[in-house]
Amino acid sequence: MSFVEYGDTIKDGDTAIVFLGHESMFPVKVQHGSVTQTKYGVIRHSTDLIGKKYGSKVTCSKGGWVFILHPTPELWTMNLPHRTQILYSTDISIITMMLELKPGSIVCESGTGSGSLSHALIRTVAPTGHLYTVEFHQQRAEKAREEFREHRVEHLVTVTNQDVCKNGFGVSNIADAVFLDIPSPWEAIGHAKSALKAEGGRICSFSPCIEQVQRTCLAMEESGFTEINTLEILLRVYNVRTVSLQIPDLGKAAEDNSSPGFDSSSPSHQGSSCANLQQGTVQFKSGVPLREVVGHTGYLTFATKS
Amino acid sequence: AMEGGPSARIREGDCAVLKRDEVFKAVSVLRRRKIIFEKQWFYLDNAIGHIYGTTFEVTSGGNLQPKQEVEETTTETKEAGTDNRNIVDDGKSQKLTHDDIKALKDKGIKGQEIVQQLIENSTTFRDKTEFAQDKYIKKKKKKYEAVITIVKPSTRILSTMYYAREPGKINHLRYDTLAQMLTLGNIHAGNKMIVMETCAGLVLGAVMERMGGYGSIIQMYPGGGPVRAATSCFGFPKPFFDNLHEFPLSKVQSLLSGTFSTETLPADPEESALVEEESNGLSEEKQSSLQETEEEPATEAPMDISTTEEQDTMDISAEDVEFKENKEKENKENVREKQIKQWERRKKLKEAAALLREKNADGLIVASKFHPTPLLLSLLEFVAPSRPFVVYCQYKEPLLECYTKLRERGGVINMKLSETWLRNYQVLPDRSHPKLTMSGGGGYLLSGVTVVLEKGKSDSTNSEALKMEEPLSKRCKLQDLPC
């Protein structure tokens, strides 16, 4: 396996995802002789994992079982060790499309942070593209390098430990796209412009606050960027539930037995839902929004250098 | 297998996209061909040889001329009011009449100068606030300054264009939803993907762009052949099509049950299209009813999704003449050609069938007008374990059912029903706010991951399914939010 190439079986040194149940999973580094503890008991790597097919059900020592999944940037995003606040897949999706990334693209990114976006970028530009990522925090930069090695994508990425606002991306006239997730992106717009190819390219900046966006947009305009466009994307997740609603007793049954007080042409009588009049309830399937959802991650500002 | 970078120059025969403000139109670059875009007509001849991203002005005679960056000729005296207490709408603030403006236009006066004249002849302009003046100029510029940018097609541009111009053709799949599909499906170079779409080939094109010519795609199609009108707008290089396969949906059941044969091919899409052309669109035998009502045949000129009638008739009559001249010759060669074609189609079909039979695809993408449940229940058989699948539907309810049926089937985990909201912003000094209108709906997605399906153990799977349907807790760690 690698994060840019599917493999069928689990091998020594792989990073695999242990899936325990809905939204409950964690990454594991597969190593001969190693063991992993779960709430269902122990997983012995040599016998339980290595050589098995990805997607297999693995029985743990206490009789419970888990699924072992092939790593993807999306699963990694849900499970990675946080060193910073990270970007999630909803924002990553629109960033990737709006920056027009594809195999062969050269991308500059700062900061590297926890590498959530970096893994997704690398996946998209492989096998012929490259990511130049800049992180001013030395430990974070080193940790990112280590992860890229472990995930077998180090040939697709260069991590530079410097301040992007002062020193830029360390490359010039090479990038098809630039992404900024730093507190003062307006200070890096000039460096972004010179990192982009002379013929042009795309830029994106992520900021939580509107004041940051305003300064960034001004800086982009002053640097001659066009097509400046700010947007926000929000994810709505729905739980699939079967809901029953009680039918109110309006005393109709006593009045008239032939009319049950429920319109037979109503959609709840068709398809998947059904009325159980004896028990006085109607059942239907619904997509129920979560009680609490993320209302804001950040504004995404895109622009073109041409 | 790499495409030229953004620096590529506009060449004759290219697929390009015209852009004016937020409006896009895909065209093929041809000499002496009249293009009508945003109520303007022009020829693309002069654009050939320029770099993609160049902005042109339309001059008299419909010629394009690269726009020179001129410094804004702002009125030197920056006079402006502070509020509108004394501005009265008497309908007489503009001293130029409609006829005056038309006369200016007919004289071939540049849009920029017309805007300047409108400002000078507006009695209220100086009393307007600075922001109102700005807005006034922007509005007039939009109307009178005819500038067009020619850009290279991409998923970003084509999906935005389709959603704005032809949402019905792509089942109202909004571009941010498409973006989610590509990410949730882990689309990347080297994949072996199964794609089932009735979105004019837009989803297929998006998948092809992300795979960059590496790996293979099997497109499942309903009716006589896959629709790829939008796919051809991308202008992919030829090698991208080497590993693009297609397989008819109507043969899926026989492939799964082992009775598949290539003896009865579905109706040749090209043949049926030809028949339709010959009889002026009256033939109904070969086209499936679905295709007649909604889809364009795959062979239709793909570029101008809003060609004017004028152009259509021109093209057809030109083809007609050629058609008659060559008819005799063609008839003789036709039979042999048909045989060769059919043999080739059989061979391609066999190849696609063999790829599916391996049952090791790296993912499944569905975005169609059909009910998703039967598609998923069958097509997931061809996908390897531990691979993502994503289903799009314009409506939420069919996905609720699909979710339940997949739970019963087993072999899938981490299922998620979701939707994205997209909000655009105006960002200007002291005038930042969300845009007034936002899209009401861009469709819903059901995504998940396949796992090894243990047959005959559906009971235990079911109990697990119920366990997993428990409400999600702690999905979003709110303390993670930025401040």
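**Loops, cis bonds and partly exposed residues**

Q: Where in chain A is A:Pro127 found?
A: In this predicted model, A:Pro127 sits in the loop between H4 and strand S8, the strand that spans 130-134 of chain A.

Q: What omega goes with the cis peptide bond from A:Ala126 to A:Pro127?
A: Omega is near 5 degrees for this cis bond, which runs from A:Ala126 to A:Pro127.

Q: What omega goes with the cis peptide bond from A:Ser110 to A:Gly111, and where does A:Gly111 lie?
A: For the cis bond from A:Ser110 to A:Gly111, omega is near -5 degrees, and A:Gly111 itself belongs to the loop between strand S7 (106-110) and helix H4 (116-125) of chain A.

Q: Why is A:Arg152 called partly exposed?
A: The relative accessibility of A:Arg152 is 30%, whereas buried means under 20% and exposed means over 50%; A:Arg152 therefore counts as partly exposed.

Q: What is the phi of A:Arg152, and in which loop does this residue lie?
A: Phi is positive, at about 60 degrees, although A:Arg152 is not a glycine, and the residue lies in the loop between helix H5 (138-150) and strand S9 (157-160) of chain A.

Q: How do you know that B:Glu38 is partly exposed?
A: Its relative accessible area is 36%, and the class in between under 20% and over 50% is the partly exposed one, so B:Glu38 is partly exposed.

Q: What is the phi of B:Glu38, and where in chain B is this residue found?
A: B:Glu38, a residue other than glycine, has a positive phi near 50 degrees, and B:Glu38 is found in the loop between strand S3 (34-37) and strand S4 (40-43) of chain B.

Definitions and conventions
Residues numbered from 1 in each chain as written. Chains lettered and ligands numbered in written order. Predicted model: local features only at pLDDT ≥ 70, side-chain atom pairs only at ≥ 80, totals over all residues. Heavy atoms only, no water. Helix = DSSP H or I, 4+ residues; strand = E, 2+ residues; numbered from the N terminus. Buried < 20%, exposed > 50% of the residue type's maximum accessible area, 1.4 Å probe, protein only.
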